[in-house]
Amino acid sequence: MTDTARTARTGVPERPTLDGLEETWSRRWQEDGTYAFDRTKERSDVYAIDTPPPTVSGELHMGHVFSYTHTDLVARFQRMRGRTVFYPIGWDDNGLPTERRVQNVYGVRCDPSLPYDPQWQAPQAPVDDAARKDPTPISRRNFIELCERLTVSDEQVFEALWRRLGLSVDWSLMYTTIGSAARATSQRAFLRNLARGEAYQAEAPTLWDVGFATAVAQAELEDRERPGAYHRLRFHGPDGREVLIDTTRPELLPACVALVCHPDDERYADLVGTVVRTPVFGVEVPVRAHTLADPAKGTGIAMVCTFGDLTDVTWWRELDLETRVVIGRDGRLLPEPPSGVPGGPYAELAGQTVNGARRRLVELLADAGDLVGDVRPITHPVKFYERGDRPLEIVSTRQWYLRNGGRDADLREALLARGRELRWVPEHMRHRYEHWVSGLTGDWLVSRQRFFGVPVPVWYRLDDVGEPDWSHPLTPEDSALPIDPSEDAPPGYDESQRGVPGGFVGDPDVLDTWATSSLTPQIAGGWERDPELFRKVFPMDLRPQGQEIIRTWLFATVVRAHLEHGALPWHTAELSGWILDPDRKKMSKSKGNVVTPMALLAQHGSDAVRYWSANGRPGTDLAFDPAQIKVGRRLATKLLNASRFALGLGAADALRAPATTPLDRAVLAELASVVAAATAAFEAYDHTAALQATESFFWRFCDDYIELVKERAYGTGTGADSARATLATALSVQLRLFAPVLPYATEEVWSWWRYGSVHRSPWPTTYEVNRAVQGEGDPALLRLASDALGQVRRAKSERKLSMRAEVPLAEALGPAALLDQLTEVADDLRAAGRIGKLDLLPDRTTELVIACAF
């Protein structure tokens, strides 16, 4: 029977191609519900994934493709292992990134004082730079509607990319972090935190981003190296003594409330307990001692201002110092001086930016003779909000906080214990969690002074003069959630009482986006909304995520689950490594070195890109390498062609027949060990090792085994039947081993000769492979045959002969025992090598040598 005839009978295409497979199979998978979650199963049959909801504020990049492919590999493996996989997808669409994108795209800004205009029309996007520099003010509701419009279009683009990549999520489980269910969940959790005393409100020094005009949490900080300068200032001590201090922030001199030195610093021991006068302003401030003062830094004595940095906050709190705030929320010095500071010199600074005030105060210090020596330029770390572009200030504001162990030793220890309960992949990532939790200095600031987010769900009574009663917030009924206190009235009030004495006012803030994202297991799992579903998926099995958000997303989710459920939110956390550019630098939008994936998916195919991703282990960095993507495409193409060839030999008709010849038994024995290795690797969340084991066998199978047996498989008799049976078993097993990594190519081949989807087929087992072997199989025999055939090929290559060239005589030299083994595969070797006569010459060499005569 000819190859073409066999191909036609089994429905295999004459020229298989990867092109178009994504569109075909993505549609089929959706139509057939291939990846639908089965709610009828019990918890023991469920594998639940807390999928990261990507931030919808721009483009996905190769880092997303890298990490989300890793999650999909796990999902596909677990599904083939017989679990019903709860694999939702969400979009993180609220918060600052979305607001900033709307501002830039449409040239608008939110002004909550403006009334809603239902007739307002957004300008054609994108707008020019002039519109961005002079944005149009619009009402809060108009602004939120614009945010919602943009996120919907962004989400459609994201969904198209994820579908093309082949993520096996159940799209019916999709959610958004600004959606009704997410808002209700977030508000419900916050109100329960409030009822238990875990959420509280306080007026306190707050890290403030001037550009975004909002408070920032400790977890969102990053240090950036920035140029600065040391200025040496002369303070005036008792009996005319001068006290010199070094500072990088002379503009905060009017906010100075103390000088502080180390308790053991003998240079200043006699000053502790006395007062000194500040230069320019002449304000008396105390000299105090504290262990955080560094005798080796500067002059060894520091100026405490309210507030220059977080150390100032610590000194202010622990030494019970006065408060003299001079910087406002707009980043400018306040128009009026703080109490006790003379208005004359302060008027020179009022209303100026920080930089402007710094320049002017340096001039005033120089004029007064209190600027000592030259200004010394330095480069030093400055705190920024991770998404901001201006240094943070510390201002005093009223904010909502959630207890996270930063000020509670017992809670801190409980959260550290949760970290030890969790399975970390890789294990060393646990130390990052412990380092973060152990280093917390305050509770989690969860309120934000923004607009597009989940509203803080409380109101405040107004007294007879219209002042809010902050200490007794009004809360909604659980059944009313979600609510917006800026539009909804509290129980017992109506809208006419808003903002009037004796009435109420809504909390104007929204919750930090992490305060909602930290509840993704509850949002996706239907907490309080679908109790039966929640029972089956919580705690979830897996949290896959980036290592850089251990301190934010992972830790915050552990906090919320611990406080609400007294449990971990999942059993395992799998952390991604970084994607590096060709110069081994981390890819990031801020560095401008990211690569967007859609063009690569179109050019090389999704399987090829997934192959590149699968070559990166959890927690290990991977360089973006187009060459490796090409290797992936070559592998997927080879899988199509080798499958076509094997099926053309009649393998489809021999699927459950036994392998009887020594070489056939050997290849299946080797395959059984590959199945064991790949299975163990996937169970250990090491998809890279699973791929390497599978791929290594596949190339030997194609290059050696198929070449060795194809002549026999074309024939008739027991030997031919054994070859076709082996090809069938090996093809079936390898398609399933490759299925998590190459979902499109494997599904295409599976459809040529098997029923259903390969992704709903059972994961192969060693029992299944060994059952196809009649007798025992020795993997060493396959390696021996491959070695012998390889030597024949090299001999032809050295003589620049075709691989189809005849070899009149070949001599096999080697140990007698080895040649005895070779006799078991001698017929296949002669056929594959086109050897006329094969002579065996035992004990002439210590290892196998095939000498070819032409």
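The largest cavity in this predicted model is lined by 16 residues, and those lying nearest its centre are Ala219, Asn404, Trp436, Trp444 and Arg551. Its volume comes to about 140 Å³. A search of the whole structure turns up three cavities of 30 Å³ or more. Who builds the wall? Helix α16 gives the largest share of the lining, four residues, while β18 (444-445) is another element that supplies at least two.

Helix α16 has a second job to look at: residues 550-565 pack on a sheet, touching β17, β23 and β24. The direction of α16 makes about 160° with that of β23. That sheet is open, with three strands in the order β17-β24-β23 and parallel pairing. Both β17 and β23 stand at the edges with a single partner strand each, so one side of each has no neighbour in the sheet. On average, neighbouring strands are turned by 20° against each other, direction ignored.

Here are the three strands at a glance:

| Strand | Residues |
|---|---|
| β17 | 423-425 |
| β23 | 540-546 |
| β24 | 570-576 |

Zooming in on one pairing, β17 and β24 run parallel and are joined by three bridges. Valine 425 stands opposite glutamate 574 in β24.

Now over to helix α3, residues 62-80. From its first C-alpha to its last, α3 reaches 27 Å, close to the 27 Å expected for its 19 residues at 1.5 Å a residue. Is α3 buried or exposed? Here 19 of the 19 residues are buried, so α3 is largely enclosed by the rest of the structure. Just after α3, glycine 82 takes a positive phi of about 100°.

Note on methods:
Residues are numbered from 1 along each chain as its sequence is written. This is a predicted model: local features need pLDDT of at least 70, side-chain atom pairs count only at pLDDT 80 or more; totals for chains, interfaces and linings use all residues. Side-chain values use heavy atoms; hydrogens and water are left out. The expected span of a helix is 1.5 Å times one less than its number of residues. Buried means under 20% relative accessible area, exposed over 50%, partly exposed in between (1.4 Å probe, protein chains only). Two strands pair if DSSP finds at least two bridges between them. Axes are lines fitted to C-alpha atoms, for helices over the stretch in contact, and angles run from 0 to 180 degrees between N-to-C directions. Contact means heavy atoms within 4.5 Å. On a 1 Å grid over the protein atoms alone, a cavity is a set of points where a 1.4 Å probe fits but cannot get out, and a pocket is an open set with protein on both sides within 12 Å along at least five of seven lines; lining residues have an atom within 4 Å of a point. Grid points are joined across faces, edges and corners, and a volume is the space filled by probe spheres set on the points.
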